[in-house]
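Here is a short briefing on one protein chain. Keep the sequence and the 3D view open as you read.

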Amino acid sequence: MGSGERKHTEAQVVAHVTGSRTEALAELERRARNHVPMHPLSPKRRRLLRAGDGFLLVVDGAWQSFVTRFTVAELLEDSAAPPAPEPVVEAPVPPPVAPAAPSSEPAERQVEPAVELDEDGVPVRPAWLGRADLA
């Protein structure tokens, strides 16, 4: 970028790929093949070369050549990345209670307490609230 002694290199992250290095290279090659640089305005020749873990696009203009480098890199740290979500820890499921032995007397009917639900059908009071084993 720039001209004369003020020329400098600029870097951009063009994509994030979740997957293998081979998949990242395939995506990078697709992007390198389709890249249309700002300069030169009237390209005379275009060459795409494979270089290690990336590609080198050389576009010759009327007076000079312009180079764009495409490199695969593994992201190790990002100071602007959103915080990772907290892992969801599910409450352990209590073991099933063995049924009582049958008796000759009529069994009393067990009535489960009614659970108060909101309009979406979600319990108002969480099931874990007040459990002694979680203290």
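Which residues lie nearest the centre of the largest pocket? They are E10, A11, Q12, T68 and R69, and 39 residues line that pocket in total. The model is a predicted one: local features need pLDDT of at least 70, side-chain atom pairs count only at pLDDT 80 or more, and totals for chains, interfaces and linings use all residues. Residues are numbered from 1 along each chain as its sequence is written, and side-chain values use heavy atoms, with hydrogens and water left out.

**The chain as a whole**

- The chain has 1 helix and 3 strands. Both kinds of element are DSSP runs numbered from the N terminus: helices are H or I with at least four residues, and strands are E with at least two.
- Along the sequence, the pattern reads α-β-β-β.
- The chain has 135 residues, and 11% of them count as buried. Buried means under 20% relative accessible area, exposed means over 50%, and partly exposed lies in between (1.4 Å probe, protein chains only).
- Take the contacts between residues at least 6 apart in sequence: 26% of them join residues at least 24 apart. A contact means heavy atoms within 4.5 Å.

**The sheet and the helix**

- The 3 strands form an open sheet in the order β1-β2-β3, with antiparallel pairing. Two strands pair if DSSP finds at least two bridges between them.
- β1 (45-51) and β3 are the edge strands, and each pairs on one side only.
- From one strand to the next, the twist averages 15°.
- Helix α1 packs on this sheet and touches β1, β2 and β3. The direction of α1 makes about 5° with that of β2. Axes are lines fitted to C-alpha atoms, for helices over the stretch in contact, and angles run from 0 to 180 degrees between N-to-C directions.

**Strand pairs and turns**

- β1 and β2 run antiparallel and are joined by 7 bridges.
- Two of the bridge partners can be picked out: A51 is matched with G54 of β2, and R50 is matched with F55 of β2.
- β1 and β2 form a hairpin with 2 residues between them. In that turn, G52 has a positive phi of about 60°.
- β2 and β3 also pair in the antiparallel sense, over 7 bridges. Here G54 stands opposite T71 in β3.
- A hairpin of 4 residues joins β2 to β3.

**The pockets**

- What is a pocket here? On a 1 Å grid over the protein atoms alone, it is an open set of points with protein on both sides within 12 Å along at least five of seven lines, where a 1.4 Å probe fits; lining residues have an atom within 4 Å of a point.
- The largest pocket has a volume of about 1700 Å³. A volume is the space filled by probe spheres set on the grid points, which are joined across faces, edges and corners.
- α1 (21-34) and β3 (65-71) are the elements that give two or more residues to the lining of the largest pocket. β3 gives the most, with 7 residues.
- The lining of the largest pocket divides into 17 nonpolar, 15 polar and 7 charged residues. Ala, Val, Leu, Ile, Met, Phe, Trp, Tyr, Cys and Pro count as nonpolar, Asp, Glu, Lys and Arg as charged, and the others, Gly among them, as polar.
- The second largest pocket has a volume of about 160 Å³. Its lining includes H39, P40, W63 and F66.
- That second lining divides into 5 nonpolar, 4 polar and no charged residues.

**Three residues to find**

- D60 sits in strand β2 (residues 54-60). D60 counts as buried because its relative accessibility is 13%.
- Leaving out residues up to four places away in sequence, D60 touches P40, P43, K44, R45, R47 and S65.
- K44 lies in the loop between α1 and β1. Is K44 buried or exposed? K44 is exposed, with a relative accessible area of 60%.
- With the same residues left out, K44 touches D60, G61 and A62. K44 and A62 are 18 residues apart in sequence, and their C-alpha atoms are 6.8 Å apart in space.
- A127 lies in the segment after β3. At 72% relative accessibility, A127 counts as exposed.
- A127 and V115 are 12 residues apart along the chain, and 9.5 Å separates their C-alpha atoms.
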